[in-house]
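Work through the exercises below with the sequence and the 3D view side by side. Try each task before you read its solution.

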Amino acid sequence: CNVVTATFTITITAAPIATFNYSGSPYCKNGANPSPSFTGGGIAGTFTSTAGLSINATTGQINLAASSAGTYTVTNTIAPSGGCLAVVQTAQVTITALPVATFSYDSTTYCKSGANPVITITGSTGVFSSTTGLSLNSATGAIDLSTSTPGNYTVTNTIAAAAGCNVVTATFAITITAAPIA
């Protein structure tokens, strides 16, 4: 018998890489919508996560405003193709709520000899500040009228930048009048 030779072409496909991350995490809910960064040759597949995270399934971009604050696991799944099995990779992303610095006092005008203002904090406590002349507790926002100078003041509550959120401030204007002289 003669030698019979047959040839067959085999194509070897490189397995896809799904490696990605959200390098800016944590993100603040009022920030710019982040997209994933792909590392090590990673490519986009189909992005999914648990309820509460608004994510574009094709691009992996997260809609921060439409998402709930929390920590999520995002999954990038590349479907099987070219003889390769599905490739799945996960990454963590954290979304933080924008802090609220809102506060108020029980009035806008006070007599130096009167009762100290009562502060109501409807947001978070940051650092309270004002101009010279106002006796102000920087940690609590409490004002001591007896040691303050009569005048117009703007009190500011400043919450430092943290967890992906920028500095947040709120203000409240008050006037301290001199005690009447009899």
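The exercises that follow deal with strands, surface and backbone in turn.

The model is predicted, so local features need pLDDT of at least 70 and side-chain atom pairs count only at pLDDT 80 or more, while totals for chains, interfaces and linings use all residues. Residues are numbered from 1 along each chain as its sequence is written, and side-chain values use heavy atoms, with hydrogens and water left out.

**Exercise 1. Strand pairing around β6**

Find which strands pair with β6, and state the direction of each pairing.

Solution. Begin with the terms: strands are DSSP runs of E with at least two residues, numbered from the N terminus, and two strands pair if DSSP finds at least two bridges between them. Strand β2 (residues 27-28) is joined to strand β6 (residues 87-96) by two bridges, and these strands run parallel. Within this pairing, Cys28 has Thr96 of β6 as its bridge partner. Next, strand β5 (residues 70-78) pairs with β6 over nine bridges in the antiparallel sense, and here Thr77 stands opposite Val88 of β6. As background, strands of a sheet pair through backbone hydrogen bonds, either parallel or antiparallel.

**Exercise 2. An open sheet**

Give the strand order of the open sheet of four strands, and then identify its edge strands.

Solution. The order is β8-β12-β11-β10, and the pairing is mixed. The edge strands are β8 (109-111) and β10 (127-129), each of which pairs on one side only. From one strand to the next, the twist averages 30°, where the axes are lines fitted to C-alpha atoms and angles run from 0 to 180 degrees between N-to-C directions. Looking at one edge, β10 pairs with strand β11 (residues 151-159) in the antiparallel sense over three bridges, and Phe128 stands opposite Asn157 in β11.

**Exercise 3. Buried or exposed?**

Decide for Ile12, Thr96, Ala44 and Ser148 whether each is buried, partly exposed or exposed.

Solution. The cut-offs are under 20% relative accessible area for buried, over 50% for exposed, and partly exposed in between, with a 1.4 Å probe and protein chains only. Ile12, in the segment before β1 (20-21), counts as exposed because its relative accessibility is 78%. Thr96 is buried, because its relative accessible area is 17%. Ala44, in the loop between β3 (37-38) and β4 (46-48), has 38% relative accessibility and therefore counts as partly exposed. Ser148, in the loop between β10 and β11, is at 1% and so counts as buried.

**Exercise 4. Contacts and unusual backbone**

Describe the polar contacts of Thr96 and Ser148, and then the backbone at Ala163 and Pro26.

Solution. A polar contact is a pair of N or O atoms within 3.5 Å; within protein, one must be able to donate a hydrogen and the other to accept it, and residues adjacent in sequence count only if both atoms are side-chain atoms. A polar atom of the Thr96 side chain lies 2.6 Å from the backbone oxygen of Ala163, while the side chain of Ser148 reaches the backbone nitrogen of Ser135 at 2.9 Å. Most residues other than glycine have a negative phi, and most peptide bonds are trans. Ala163, in the loop between β11 and β12 (168-177), has a positive phi of about 50° although it is not a glycine. Finally, the peptide bond joining Ser25 and Pro26 is cis, with omega about 10°, and Pro26 lies in the loop between β1 and β2.
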